[in-house]
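Please examine the model below and consider the descriptive terms that can be applied to it. The questions that follow ask on what grounds each term is used.

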Amino acid sequence: MKRFVFSLRPVAMLREHRELRAREIFAASLQAVARAEARRDQARQALARFAEAISTGRNGRSNASAEAQTLAGYRRECGVEADATRAVVVSRATLERHRQEHQEAHRQLEMVRRLEAKSRAAHRRETARLEQVELDELSFRRHAARQSVSSP
């Protein structure tokens, strides 16, 4: 019988490669989100420690230049925390975009795989039908040969 050949195999290979690349990019985006969230959490903890140090370090008398430096330091820490929060938002948006790209690549790959499965099933049915036709012909020939030998 004829061997099965899937005519869209090159397309399937390209889509498998595209899906693999999209999966790797998606995984890298997941890691980037985790790193950004860790940096944000560190910035928040540093800001909280700074605020706590400010509140515990205050005494009855205040020095204007020291207070100005402390306030400038606190603002810097707030800026670092805000930048880290923005980085998390950006990395999550990138993650969502990469997730959608991976899902689309996976859908396209699955579509080709389903086409291949349907094509294989049709090939098996056709092969089974042809085998049955051959068996029927062989059976008919044997029956005809017996009939010709037994009839005078």
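**Terms and their grounds**

Q: Glutamate 81 is found in helix α2. Why is glutamate 81 called buried?
A: Its relative accessible area is 16%. Buried means under 20% relative accessible area, exposed over 50% and partly exposed in between, with a 1.4 Å probe and protein chains only. Glutamate 81 therefore counts as buried. The model is a predicted one, in which local features need pLDDT of at least 70, side-chain atom pairs count only at pLDDT 80 or more, and totals for chains, interfaces and linings use all residues. Residues are numbered from 1 along each chain as its sequence is written, and side-chain values use heavy atoms, with hydrogens and water left out.

Q: What makes glutamate 81 and arginine 44 a salt bridge?
A: A salt bridge is a side-chain nitrogen of Lys or Arg within 4 Å of a carboxyl oxygen of Asp or Glu. The closest N and O atoms of this pair are 3.0 Å apart, so the criterion is met. Glutamate 81 lies in helix α2 and arginine 44 in helix α1, so the pair ties together parts that are 37 residues apart in sequence. Arginine 44, at a relative accessible area of 40%, is partly exposed.

Q: Which residues does glutamate 81 touch, not counting residues up to four places away in sequence?
A: They are Ala43, Arg44 and Leu47, where contact means heavy atoms within 4.5 Å.

Q: Why is arginine 40 called buried, and which residues does it touch?
A: Arginine 40 lies in helix α1 (residues 9-57). A relative accessible area of 13% places arginine 40 in the buried class. Leaving out residues up to four places away in sequence, arginine 40 touches Ala84, Thr85, Val88 and Arg92.

Q: What makes arginine 40 and aspartate 41 a salt bridge?
A: The closest N and O atoms of the two residues are 3.3 Å apart, so the distance satisfies the salt-bridge rule. Aspartate 41 is partly exposed at 34% relative accessibility.

Q: How many salt bridges are counted by this rule, and which residues form a network of them?
A: The count comes to 14 salt bridges. Arg9, Glu16, Glu116 and Arg120 are linked in a network. Arginine 9 forms a salt bridge with glutamate 116, the closest N and O atoms being 3.7 Å apart. This pair links distant parts of the chain, with arginine 9 in helix α1 and glutamate 116 in helix α2, 107 residues apart. Glutamate 116 counts as buried at 14% relative accessibility, whereas arginine 9, at 31%, counts as partly exposed.

Q: Why is the pair of phenylalanine 4 and phenylalanine 6 called stacked?
A: By the ring-pair rule the count comes to two aromatic pairs. For phenylalanine 4 and phenylalanine 6 the ring centres are 6.5 Å apart and the planes stand at 20 degrees, so the pair is stacked. Rings of Phe, Tyr and Trp (its six-membered ring) pair if their centres lie within 6.5 Å; planes under 30 degrees apart count as stacked, over 60 as edge-to-face and the rest as tilted. Phenylalanine 4 is buried at 15% relative accessibility, and phenylalanine 6 is buried at 11%.

Q: Why is lysine 118 called exposed?
A: Lysine 118 has its place in helix α2. Its relative accessible area is 61%, so lysine 118 falls in the exposed class.

Q: Why is the protein called more spread out than a compact globule?
A: The secondary structure comes to two helices and zero strands; helices (H or I, at least four residues) and strands (E, at least two) are DSSP runs, numbered from the N terminus. The radius of gyration is 36 Å, well over the 15 Å that the globule rule gives for 152 residues, so the protein is more spread out than a compact globule. The radius is taken over C-alpha atoms, and the rule is 2.2 Å times the number of residues to the power 0.38. Along the principal axes, the C-alpha atoms fill a box of roughly 135 × 25 × 15 Å.

Q: What share of the 152 residues is buried?
A: Buried residues make up 17% of them.
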